[in-house]
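User: I'm new to this one and would like a friendly tour. Could you show me the structure before I start asking things?

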Amino acid sequence: MLRESEARDRAAFIELFASEEVGTYLGGARPVEELERAVPAAPGRRPGVFVVEHEGAMIGSLQIDRRDLDRPGHVRPAAEEPELGYMFLPQAWGHGYAAEACTAALGWFAEALPDEPMVLCTQRANHRSLHLALKLGFHEVARFEEFGAEQWFGVWSPNGSDHHGR
């Protein structure tokens, strides 16, 4: 189930950001003490951020944000394309939950904005994330260096059209 963040999710958000496995391709884990001070009572409470819940507990987070114009990787000139991002707790990996949650979010997005492309960026070395992006129907548009690593940049269109701009 995708839902808005609640106060009961705070411990899971801290676990997510403190996880060495989750942080491998996201700049590293953050210290629990720092997170305890920084994470608000209801973390991720803003438009476009969803908690992924399974059997009553948070197992991950999914977000749709506008890609910053200053970052590399765009499919429309001067457009801040919607960008899909996701993080799941390691115990949820390998069960298809990320694919199910992302498919639901993309379905909602396709109904809400049928003419907008969705973009996704992941490190090429993050084989799990890259496999999921391809499984969801994202197509490679570019590769570039960012954050000290080679990035894979893909696009998905609700109507199946291909966007080739950068």
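User: Thanks! Which residue does Glu146 form a salt bridge with?
Analyst: Keep in mind that this is a predicted model. Side chains of opposite charge can pair when their charged atoms come close. For Glu146, the closest N and O atoms of the pair are 2.9 Å apart, inside the 4 Å cut-off. The partner is Arg71.

User: How many residues apart in sequence are the parts that this pair ties together?
Analyst: Let's place both ends. Glu146 sits in strand S6 (residues 139-146), while Arg71 is in the loop between strand S3 (57-66) and strand S4 (82-88). So the pair ties together parts of the chain whose separation in sequence is 75 residues.

User: Is Glu146 buried or exposed?
Analyst: Buried means under 20% relative accessible area. Glu146 comes in at 11%, whereas its partner Arg71, at 24%, counts as partly exposed. Because of that 11%, Glu146 counts as buried.

User: Which residue in helix H1 pairs with Glu36?
Analyst: Glu36 is in helix H3 (residues 32-38), and its relative accessible area of 42% makes it partly exposed. Its salt bridge has closest N and O atoms 3.1 Å apart. The pair links distant parts of the chain, 26 residues apart, and the residue at the H1 end (residues 10-18) is Arg10.

User: Which residues are joined into one network by salt bridges that share partners?
Analyst: The structure holds 15 salt bridges. One of them runs between Glu6 and Arg8, with the closest N and O atoms 2.6 Å apart. Those two belong to the network, which is made up of Arg3, Glu6, Arg8, Asp9 and Glu53.

User: What is the phi of Phe147, roughly?
Analyst: Most residues other than glycine have a negative phi. Phe147 is not a glycine, yet its phi is positive. Phe147 lies in the loop between S6 and strand S7 (149-156), and it is exposed, at 66% relative accessible area. Its phi is about 55°.

User: Where does Glu55, another residue with a positive phi, lie?
Analyst: Glu55 has a phi of about 50° although it is not a glycine. At 75% relative accessibility, Glu55 counts as exposed. Its place in the chain is the loop between strand S2 (49-54) and S3.

User: Which residues lining the largest pocket are closest to its centre?
Analyst: The largest pocket has a volume of about 1500 Å³, and 50 residues line it. Elements that give two or more residues to the lining include H1, S3, S4 and helix H4 (97-112). Closest to the centre are Leu26, Gly85, Tyr86, Met87 and Ser129.

User: How many residues of that lining are charged?
Analyst: The lining can be split by residue kind. There are 24 nonpolar residues and 17 polar ones. The charged residues number nine.

User: Which residue's backbone nitrogen does the side chain of Ser19 reach?
Analyst: Ser19 is found in the loop between H1 and H2, and it is buried, with a relative accessible area of 8%. The side chain of Ser19 makes a polar contact with the side chain of Glu21 at 3.1 Å. That side chain also reaches a backbone nitrogen at 3.1 Å, belonging to Val22.

User: Leaving out residues up to four places away in sequence, which residues does Ser19 touch?
Analyst: Here contact means heavy atoms within 4.5 Å. Phe144, by comparison, is 26 Å from Ser19 in space, C-alpha to C-alpha, and 125 residues away in sequence. The residues that Ser19 touches are Ala29 and Pro90.

Notes
Residues are numbered from 1 along each chain as its sequence is written. This is a predicted model: local features need pLDDT of at least 70, side-chain atom pairs count only at pLDDT 80 or more; totals for chains, interfaces and linings use all residues. Side-chain values use heavy atoms; hydrogens and water are left out. A salt bridge is a side-chain nitrogen of Lys or Arg within 4 Å of a carboxyl oxygen of Asp or Glu. Helices (H or I, at least four residues) and strands (E, at least two) are DSSP runs, numbered from the N terminus. Buried means under 20% relative accessible area, exposed over 50%, partly exposed in between (1.4 Å probe, protein chains only). On a 1 Å grid over the protein atoms alone, a cavity is a set of points where a 1.4 Å probe fits but cannot get out, and a pocket is an open set with protein on both sides within 12 Å along at least five of seven lines; lining residues have an atom within 4 Å of a point. Grid points are joined across faces, edges and corners, and a volume is the space filled by probe spheres set on the points. Ala, Val, Leu, Ile, Met, Phe, Trp, Tyr, Cys and Pro count as nonpolar, Asp, Glu, Lys and Arg as charged, and the others, Gly among them, as polar. A polar contact is a pair of N or O atoms within 3.5 Å; within protein, one must be able to donate a hydrogen and the other to accept it, and residues adjacent in sequence count only if both atoms are side-chain atoms.
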